[in-house]
Amino acid sequence: MAEKREFSITRTRNGFKPRISDNDLPFYQDANGDVTVGFGGANDIFYSGSGSTVVAEMPYMYLGEEDGGLPERQQILTEDDLPEGVELDYRIDGGFNNNCIVVDWTIKNKDLYQVDWVALKTFTGMQMKYVLPKKFPPLYFALAREDAYVYCNKQPCEECAFRCKSGFVIYYHIKGLGIVRKPMTRISLLKLEK
């Protein structure tokens, strides 16, 4: 008897991997240190490319280009800028029906540095979570439909060369440092050796 296939409401219906432009989410910081993120403006969403290689160009890419009335765009750091004792990590978990991004970090000197929120850029937009008091890592970002696109049903993800979530970026806001970006483009070294 054939095994019954399960299709959850969050499962993607895409026949090919969605793509998104490389632009970072636009974070702004004013003179008081308040951080905001831009969502959209005069430009609509559009696609560049064609066929299975269309790339979503989101409205936030063009914020502040013409009116100049926005606060200063905040500089985004990379992992190369991290001090010793601060490590950022992630994994993709779940399969076709239910997948999520598990965002993790290790900070040895919590008197100097603390993660207070994390944002995730996805194929369709963005998600954000605060690190609540007495909350310890990891944080879980649930995905659905286009954002849940995966090539296989392996749990957890083996980080193969297909890189299902290539285009996703995790932004860690670390008190004492600023915003640090971590693109989800990692390929497991074990896979590369095969």
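**Close-up views of a predicted model**

**View 1. The lining of the largest pocket in this predicted model is of mixed character.** Nine nonpolar, two polar and five charged residues make up the lining. The pocket itself has a volume of about 320 Å³. Among its 16 lining residues, those closest to the centre are Trp 105, Lys 110, Val 115, Val 131 and Lys 135. Strands β8 and β9 each contribute at least two residues to the lining.

**View 2. The largest nonpolar core contains 41 residues.** Within this core, the residues touching the most other members are Ile 101, Trp 105, Val 118, Ile 170 and Ile 174. Two or more core residues come from each of β1 (27–29), β6 (76–77), β7 (86–94), β8 (99–107), β9 (114–121), β11 (139–142), β12 (169–175) and β13 (178–183). In soluble globular proteins, nonpolar side chains tend to be buried together.

**View 3. The surroundings of Ile 101, a member of the core, are shown in detail.** When neighbours within four places in sequence are left aside, the contacts of Ile 101 include Arg 91, Ile 92, Leu 120, Leu 139, Tyr 140 and Phe 141. Leu 143, Lys 165, Phe 168, Ile 170 and Met 184 are also in contact with Ile 101.

**View 4. The protein chain comprises 13 strands and one helix.** The helix follows the strands when the elements are read from the N terminus. Of the 194 residues, 40% count as buried. Among contacts between residues at least 6 apart in sequence, 65% join residues at least 24 apart. The radius of gyration is 18 Å, which agrees with the value near 16 Å for a compact globule of 194 residues.

Note on methods. Residues are numbered from 1 along each chain as its sequence is written. This is a predicted model: local features need pLDDT of at least 70, side-chain atom pairs count only at pLDDT 80 or more; totals for chains, interfaces and linings use all residues. Side-chain values use heavy atoms; hydrogens and water are left out. A nonpolar core is a set of buried Ala, Val, Leu, Ile, Met, Phe, Trp, Tyr and Cys residues joined through side-chain atoms within 4.5 Å. Buried means under 20% relative accessible area, exposed over 50%, partly exposed in between (1.4 Å probe, protein chains only). Helices (H or I, at least four residues) and strands (E, at least two) are DSSP runs, numbered from the N terminus. Contact means heavy atoms within 4.5 Å. On a 1 Å grid over the protein atoms alone, a cavity is a set of points where a 1.4 Å probe fits but cannot get out, and a pocket is an open set with protein on both sides within 12 Å along at least five of seven lines; lining residues have an atom within 4 Å of a point. Grid points are joined across faces, edges and corners, and a volume is the space filled by probe spheres set on the points. Ala, Val, Leu, Ile, Met, Phe, Trp, Tyr, Cys and Pro count as nonpolar, Asp, Glu, Lys and Arg as charged, and the others, Gly among them, as polar. The radius of gyration is taken over C-alpha atoms; the globule rule is 2.2 Å times the number of residues to the power 0.38.
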